[in-house]
Amino acid sequence: LRGQVVKAEHKAPIEVPLPSQGVEVNVCLLLVMLQPLHPAGAGVGERQGWSYMENNIKIADGSCSRFAMLGLHAAKKAGFEVKPEIWRNANDYWMNSQRKDNHAWGYQPGSGATPSMTLSGMACLAIVNQHLPQDEQTKLRTEAIERAVPYVEPNAHLLWQSGHGGYALQCLERAAHLNRWQTFGKHELRK
């Protein structure tokens, strides 16, 4: 597949140019890339991010958006082209869906905050910071990440006890790695 273009049908033809250098293409990653970021709609979260195909209410969710962002970040690092508007739309989704009351994130914009979705928001804004030019928006994204720490940090040691413990811990690991954290509040992350 080196140097070729993969085509798929999804309401309109989509072409994904593959890098000419040797990389292994994960089928799941390819499917994420073939699933375009839906344009921003009238409401916050209205398909600014990703969701399940069957989602008829046209609201993006933090979990699917997180996995798409992780996949696109890996694709970009592997040499795939990811259009800048993808990063800008993802920025808008995560910045606009951060709760005003506790600076955390929920599964969907306007829903109750959860530690795993808050860590997802923190990770995704760190990804956006790596792929958009460093400017005033970078500072705003970094501040949004920092404002969310007090929501998650007091209970970080309990993440593994949640109903989705492994998922929550992976959210913490990705947020820590992408933000280059050595500690998270009082908790040392790397020994």
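Buried means under 20% relative accessible area, exposed over 50%, and partly exposed in between (1.4 Å probe, protein chains only). The model is predicted: local features need pLDDT of at least 70, side-chain atom pairs count only at pLDDT 80 or more, and totals for chains, interfaces and linings use all residues. Residues are numbered from 1 along each chain as its sequence is written, and side-chain values use heavy atoms, with hydrogens and water left out.

**View 1. Two loop residues with positive phi.** Arginine 180 sits in the loop between helix 6 and strand 3. Its phi is near 60 degrees, a positive value in a residue other than glycine. Arginine 180 counts as exposed because its relative accessibility is 63%. Histidine 103 belongs to the loop between helix 3 and helix 4. Histidine 103 is not a glycine, yet has a positive phi of about 60 degrees. At 27% relative accessibility, histidine 103 is partly exposed.

**View 2. The whole protein.** Six helices and four strands make up the protein. Helices (H or I, at least four residues) and strands (E, at least two) are DSSP runs, numbered from the N terminus. The order from the N terminus is β-β-α-α-α-α-α-α-β-β. Of the 191 residues, 44% count as buried. Among contacts (heavy atoms within 4.5 Å) with a separation of 6 or more, 54% join residues 24 or more positions apart.

**View 3. Helix 2, mostly covered.** In helix 2, 12 of 16 residues are buried. Among them are Gly62, Cys64, Arg66, Met69, Leu72 and His73. The end C-alpha atoms of helix 2 are 22 Å apart, in agreement with the 22 Å expected at 1.5 Å a residue. The expected span is 1.5 Å times one less than the number of residues. At the start of helix 2, a side-chain oxygen of aspartate 61 comes within 3.0 Å of the backbone nitrogen of serine 63. Just after the helix, glycine 79 has a positive phi of about 105 degrees.

**View 4. Serine 65 inside helix 2.** Serine 65 lies in helix 2 (residues 62-77). It is buried, with a relative accessible area of 1%. A polar atom of its side chain lies 2.8 Å from the backbone oxygen of aspartate 61. Beyond neighbours within four places in sequence, serine 65 contacts Gly49, Trp50, Ala60, Tyr93, Trp94 and Cys124.

**View 5. Helix 3 against helix 4.** The two axes come within 10 Å and cross at roughly 150 degrees. Axes are lines fitted to C-alpha atoms, for helices over the stretch in contact, and angles run from 0 to 180 degrees between N-to-C directions. The crossing of helix 3 and helix 4 is left-handed, meaning that the near helix is turned anticlockwise from the far one by less than a right angle. Helix 3 contributes Trp87, Ala90, Asn91, Trp94 and Met95. Residues they meet in helix 4 include Met117, Gly121, Cys124, Val128 and His131.

**View 6. Helix 5 and its buried face.** Helix 5 (residues 136-152) has 17 residues and reaches 26 Å between its first and last C-alpha, close to the expected 24 Å. Thr138, Arg141, Ala144, Ile145, Ala148 and Val152 are buried. Seen down the axis of helix 5, these buried residues fall within an arc of 120 degrees, so they line one face. The arc is that of the directions from the helix axis to the C-beta atoms. Helix 3, helix 4, helix 6 and strand 3 pack against the buried residues of helix 5. Exposed Glu146 and Pro150 occupy the face turned away from the buried side.

Definitions and conventions: Polar contact = N/O pair within 3.5 Å; in protein donor to acceptor, adjacent residues only side chain to side chain.
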